[in-house]
Every structure is written in C-alpha cells, then in structure tokens.
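Here are some short exercises to work through with the structure open beside you. Try each task on your own before you read the solution.

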Amino acid sequence: MSYILASPCILHPNLRAEGITSAEDIEIFSRCIKRCTEAGIEIMPLPCPETIFFGEGRAPGSFKDRMDVPEFHALLDRLEEEVRKGIEERGEAPLFILGVNSSPTCGVTKTYYTNEKSDGAGVFLKRFADYPMIDVKEFAKYYVYFAAPLFSEAERSFNRRAADILEELHFHVHLPQELDDDETARGENRERAIYEGNLKALKAADIVVGVIDGADADSGTAWEMGYAAASGKRVIALRTDFRHFSKNECVNLMLEMDSVVVHSLDELKEHLSFY
C-alpha cells in the first residue's frame, strides 16, 4: 500500500501550539485525510519535535526564539535517524511528505525560522529534502471539475481518458458526461437536473480544467470556465489543437488570460503532479 509521511498535527491538531488552530485549519486537515482515504494512501505521521521537546499546550514561538539550542538540534538528529530507519525497514519510499506551512519544524515553503515568516522549509522537514513535499492547503484542493464538449464518442472517450489521468494523481474528478447527459436524457426533460447537478459540482470545485480545442471553444465549457474565473478558482485550459487563432492567442483571449494553458495530457499531468 502506498503511503505518505505527514506532519502529525494533521491527524492530531492538539499537538499544535496553543491558539493557532482555526476552524479552517481543521477543515483543511480533514480534506487531506479524506483525499488519502479515497485514494487508498496510508498516512504515516512523523514525530513532532516541538511536542517532544516542550510537551503539549506550548506557546507559539519561532525556531530562533525557542528552539535554537544544542538539545533541540540533538533531538532533530535522533528523530531524523528514526524516520529514515523506518523508511528503510518499510522497503519503500513515501510518495511525498505532507507538511504544514508556517510551522518552525514542519513548514514546506514558509516557516517561522525567526519571528518574521520567511521562505523555506521548517528545520525538521528541511532534513528530508530528498523527498517531494506539499503543504496541506495545496493538497486539500483536489476536487476537479472537467469542463469539455461531450457530444461525440471521440469527445467522451478523450474526457474519460483525461479524468483517468487526474484520478491517478489522486484528484476527485467531476465529469459531466457521467450525469447521463446525452440525447436520451435531454429528450426526457432532464435539462434542469443536469444543469443543477453540474452547477453544484462547479461551485464545490477547487480546480476547473477546460478543454478549448477546435476553431472556437465549446459554449458550455466557456461558460463554466468563466464562472470559475469569476469565482476565483484555479483554471487550467487544455488545448491539444495545434491551430492558433493569432500570434498570442490559441483560441480566445478571454478564456486564456485567467487560466494556465497546457497543450497535452502529459503537460496537464506534469502541471498538476506534485511527486
């Protein structure tokens, strides 16, 4: 079974310093756990150097302010050795390490090394730079709405292939064609149910991937991408068509300016992969 190493406070928020955990943090941690559960990924918690050193119920503080002492450095040495020994005994490297930004020890790209937040990993995770790392807030954004034309067998086959790739990366994918959106369903006056089902999924999505192939983008896809952009969601435009509308446009600047444009399924995979 695939596994990850994770900051222990993701599973046990009580290990964090007093007063820093918000309701939003708890929701983010829960979404990370849910994503791993859905993907069949085991979560192996790392030891918490701060809790071991100070005990639970500690006050917040930076590394330089409270931890830059020989005893804490020795503790980090011992814990690193224990973690690496555990990986060796398991015989398989973790897919990645899930950390919590701002933490003096378990930050991924941001840390309180001093009393001012700075770029870089926390002092404990920094010791595992040989493994991919991702912050909880990024990993929690995994619900993808796949916007694309779905009216031919070729289109539906391509959409399913793209969704399979995203699901292999542990994303939850909403594929509108799987709402039985076809000629028969629309002939039974189910348009309102189809619209409301897709709109609900679009509102819940963290990321929208829109296929903009063809001489002009599909109107429904354009509407969904526009809604996503107006809602502040991350938008990725997938353009596998080699034709260009102009020197600086693939097909439509209004769709491209608020999105990242990728030109193949491989490029889409690379853009969304974190390990």
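**Exercise 1: A patch on the surface**

Leu253 is part of helix H10, which covers residues 253-256. Keep in mind that this is a predicted model.

Task: Find out whether Leu253 is buried, partly exposed or exposed, and which residues form a nonpolar patch with Leu253.

Solution:
- Step 1. The relative accessible area of Leu253 is 39%.
- Step 2. Buried means under 20% and exposed means over 50%, with partly exposed in between, so Leu253 is partly exposed.
- Step 3. On the surface, Leu253 forms a nonpolar patch with Met254 and Met257. Together the three have about 370 Å² of accessible area.

**Exercise 2: Reading a sheet**

Task: Work out the strand order of the open sheet of four strands, and say which strands stand at the edges.

Solution:
- Step 1. The order is E2-E1-E3-E6, and the pairing is parallel.
- Step 2. Strand E2 (42-45) and strand E6 (133-135) are at the edges. Each has a single partner strand, so one side of each has no neighbour in the sheet.
- Step 3. From one strand to the next, the twist averages 30°.
- Step 4. Now look at one pair: strand E1 (residues 3-6) and strand E3 (residues 97-99) run parallel and are joined by two bridges. Leu5 stands opposite Ile97 in E3.
- Step 5. Add a helix to the picture: H4 (residues 70-90) lies across E1 and E2, and runs at about 175° to E1.

**Exercise 3: Two positive phi angles**

Task: Locate Ser102 and His170, then decide whether Ser102 is buried or partly exposed and do likewise for His170.

Solution:
- Step 1. Ser102 sits in the loop between E3 and strand E4 (110-111). Its phi is positive, about 90°, although Ser102 is not a glycine.
- Step 2. His170 belongs to the loop between helix H6 (153-168) and strand E8 (172-174). His170 is not a glycine either, yet has a positive phi of about 70°.
- Step 3. Use the 20% cut-off, under which a residue is buried. Ser102 has a relative accessible area of 21%, so Ser102 is partly exposed. His170 has 14%, so His170 counts as buried.

**Exercise 4: A distance in sequence and in space**

Task: How far apart are Gly226 and Gly91 in sequence and in space?

Solution:
- Step 1. Find Gly226 in helix H9 (residues 219-230). With 34% relative accessibility, Gly226 counts as partly exposed.
- Step 2. Along the sequence, Gly226 and Gly91 are 135 residues apart.
- Step 3. In space, the two are 47 Å apart, C-alpha to C-alpha.

Definitions and conventions
Residues numbered from 1 in each chain as written. Predicted model: local features only at pLDDT ≥ 70, side-chain atom pairs only at ≥ 80, totals over all residues. Heavy atoms only, no water. Patch = residues over 30% accessible without salt bridge, like charges linked within 9 Å, V, L, I, M, F, W, Y side chains within 5 Å. Areas by Shrake-Rupley, 256 points an atom, 1.4 Å probe, with all protein chains shown as cover. Salt bridge = Lys/Arg side-chain N within 4 Å of Asp/Glu carboxyl O. Buried < 20%, exposed > 50% of the residue type's maximum accessible area, 1.4 Å probe, protein only. Pairing = 2+ DSSP bridges. Axes fitted to C-alpha atoms, helices over the stretch in contact; angles between N-to-C directions. Contact = heavy atoms within 4.5 Å.
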